[in-house]
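Thanks for coming. I will talk through some charged pairs and then a sheet, with the structure on the screen.

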Amino acid sequence: MWSSTQVQFLYKNQNGRYYVRTYARGKEKWTSLRTKLLSIAKNRMKEHVDASERHKADGPQTEVADGKFTFGDAMAAYRKKLARSEVRPKTKEYRECGLKLILRTWPTVENLNVRRITSTMVEDWLVDFKANAAPHIPHGAKRAARKSTGASVTTIKCALDGVRQVLDIAVSSGHLYANPARNTAVNELARKMLKTARREKAEKGSVVLPTREEFLQLVAAIRSVGVATCKAAADFVQFIAFCGARKTEAANVVWSDINFHRGTVHLRVTKNGEARFVPMMAELRVLLERMKAERDISSPESPVLQVKEAQGFINSACKKLGVARITTHGLRHLFGTACLEAGVDVRVVADWLGHKDHGALLLKIYAHVRAQHESAMIAKVRFGPA
């Protein structure tokens, strides 16, 4: 009646259909994959095997699944688990934001029995989520953010991850065998949607960066505003442009992180939690030496930058000079562009910026520099004698 295949857990019935055989908590389960095609069966069996492995990892259950268990019940249990977890506060905020997105875009799901939620329902919700997305209006603002679509890559991933995490609770508690939000069809739909969202973002055009002359004029305009913090704001702008640090990373740099002997800046507080060192270019050294000479530094733990934000100064200066508006994060792009135009290797620049993909993202963002960089690199290749 059954014939084994070369794939573990996968069997073929005499009727031609494929079945997956899994074990969870001492129980054997045979599940029809509803296909007679081996390639499709291989893909469909993955979610069942993964669900079985999660059952094993969860260990023995202290409670027995009994009665109705709604998505709202699973969400409450997930919130308790999230509160006890040791993840960073920002990660908890991100996941809580995902739960709010679910309730806002799928209002009927909270009272729905988890056993009635299918992968088709998740797919329909994702499609509606993308189609009916509205630009986000920040708290206290009168209008939506300038480039907000309401369905960015981050927003879609945040909401889908929330559904997956909540239904994982239902799986681990015994109310579901497999997570419908981790179905192969859902994964494929999400992949296509995220790819489309990334393409739409790219079609809007890359960041317009100021020329070197415009940047110097921008800094001079900020420094000459005449208010108490204008000079500190100008130093803030120059510091980020000269080392490529993110806004939060730069705000947390103290004088003990500056090593003039080795010529490095130590960025301790980073996006991924891993500290890194950025070499001190000549202009950054001049800036830091001047800042140190002008101040009476009582403690090595004193912050290098006296302001944590300068976007208002940047906006006013750009408007005054008649140049395209640039954000604080755009100054980081300016650093990356200057490094690539100077011929610095892509992997090296990626390390300085804190990217973990060895330059893949870097070349996507700085597409306007890629051709120049590749031309410069290929010009160095020789097969003849040196």
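**Salt bridges and a small set of strands**

Start with Glu-249, which makes a salt bridge with Arg-246; their closest N and O atoms are 2.7 Å apart. Keep in mind that this is a predicted model.

Are these two residues buried or exposed? Glu-249 has 2% relative accessibility and counts as buried. Arg-246 has 17%, and it counts as buried too, because the cut-off is under 20%.

Elsewhere, salt bridges with shared partners tie four residues into one network: Arg-223, Asp-235, Arg-290 and Glu-294. A search over the whole structure gives 14 salt bridges. As a reminder of the principle, side chains of opposite charge can pair when their charged atoms come close.

Next, please find helix α6, residues 184-203. Glu-188 and Arg-191 form a salt bridge through their side chains, at 2.7 Å from N to O. How far apart are Glu-188 and Arg-191 along helix α6? They are three residues apart, so about one helical turn separates them. On accessibility, Glu-188 is partly exposed, with a relative accessible area of 34%. Arg-191 is partly exposed as well, at 44%.

Now a pair that involves two helices. Glu-96 and Arg-79 form a salt bridge, and the closest N and O atoms lie 2.8 Å from each other. Which helices hold these two residues? Glu-96 sits in helix α3, residues 89-105, while Arg-79 belongs to helix α2, residues 71-84. The two residues are 17 apart, and the pair links distant parts of the chain. Glu-96 has a relative accessible area of 22%, which makes it partly exposed. For Arg-79 the value is 32%, also partly exposed.

That leaves the sheet. It is an open sheet of three strands in the order β5-β6-β7, and the pairing is antiparallel. Why do β5 and β7 each have one side without a neighbour in the sheet? Strands β5 (258-259) and β7 (276-279) stand at the edges and have a single partner strand each, so one side of each is left without a neighbour there.

Look at β6, residues 264-267. Strand β6 pairs with β7 in the antiparallel sense, over four bridges. To find one of the bridge partners on the screen, take His-266: its partner in β7 is Phe-277.

To recap, we went from the buried pair Glu-249 and Arg-246, through the pair within helix α6 and the pair linking α3 and α2, to the antiparallel sheet. That is the end of my part.

Methods:
Residues numbered from 1 in each chain as written. Predicted model: local features only at pLDDT ≥ 70, side-chain atom pairs only at ≥ 80, totals over all residues. Heavy atoms only, no water. Buried < 20%, exposed > 50% of the residue type's maximum accessible area, 1.4 Å probe, protein only. Pairing = 2+ DSSP bridges.
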